[in-house]
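Visitor: Please pick one part of this protein for a close look. Then walk me outward from there, so that I can see how that part sits among the rest.

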Amino acid sequence: MNEQFLIDQLILYLGQHQRFGGKHNEIMAYKRLDQLRALVGLRDTEEATDYLISKMKGAMAA
């Protein structure tokens with residue numbers, strides 16, 4: 001899996017969790033966040049969350 005795929009998946013699961021709730025969406029979002037953390041080489045999920053937010057802001061600005 002590449003970085004953009006993981007970011008897209010995170011956005012999807014977080015959106016579904018916000019709209020419908022459910023443990024599945026929450027668990028899958030955490031799983032994808034951890035995969036993104038490992039792929040990019042970050043220390044923890046907090047850094048991965050900050051990284052995701054910065055990528056999302058960059059995409060919204062473009």
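Guide: Let's start on the face of helix α1 that is turned away from its buried side, where you will find the exposed residues Gln18, Arg19 and Phe20. Exposed means over 50% relative accessible area, buried means under 20%, and partly exposed lies in between (1.4 Å probe, protein chains only). The model is predicted, and local features need pLDDT of at least 70, side-chain atom pairs count only at pLDDT 80 or more, while totals for chains, interfaces and linings use all residues. Residues are numbered from 1 along each chain as its sequence is written, and side-chain values use heavy atoms, with hydrogens and water left out.

Now turn to the other side of α1, where Leu6, Ile7, Gln9, Leu10 and Tyr13 are buried. These residues cover an arc of only 160 degrees around the axis, so they sit on the same side of α1; the arc is that of the directions from the helix axis to the C-beta atoms. Here is a handy rule: an α-helix has 3.6 residues a turn, so residues three or four places apart point the same way.

What about the ends of α1? At the N-terminal end, Asn2 acts as a cap, with a side-chain oxygen 3.4 Å from the backbone nitrogen of Gln4. After the helix comes Gly21, which has a positive phi, near 75 degrees. In between, the 18 residues of α1 (residues 3–20) should span 26 Å at 1.5 Å a residue, and the end C-alpha atoms are indeed 26 Å apart. That expected span is 1.5 Å times one less than the number of residues.

Next along is α2, whose buried residues are Asn25, Met28, Ala29, Arg32, Leu33 and Leu36. Viewed down the axis of α2, they fall within an arc of 140 degrees, so they line one face of the helix. The face turned away from them carries the exposed residues Lys23, His24, Ile27 and Tyr30.

Look at Asn25 for a moment. It is buried, with a relative accessible area of 9%. Leaving aside neighbours within four places in sequence, Asn25 is in contact (heavy atoms within 4.5 Å) with Tyr13, Gln16 and His17.

Step back, and the largest nonpolar core has 11 residues in all, among them Leu6, Ile7, Leu10 and Tyr13, along with Met28 and Leu42. The elements giving two or more residues to this core are α1, α2 and α3 (45–61). A nonpolar core is a set of buried Ala, Val, Leu, Ile, Met, Phe, Trp, Tyr and Cys residues joined through side-chain atoms within 4.5 Å.

Finally, the whole protein chain has 3 helices and 0 strands. Helices (H or I, at least four residues) and strands (E, at least two) are DSSP runs, numbered from the N terminus. Of the 62 residues of the chain, 24% count as buried.

How values were computed
A polar contact is a pair of N or O atoms within 3.5 Å; within protein, one must be able to donate a hydrogen and the other to accept it, and residues adjacent in sequence count only if both atoms are side-chain atoms.
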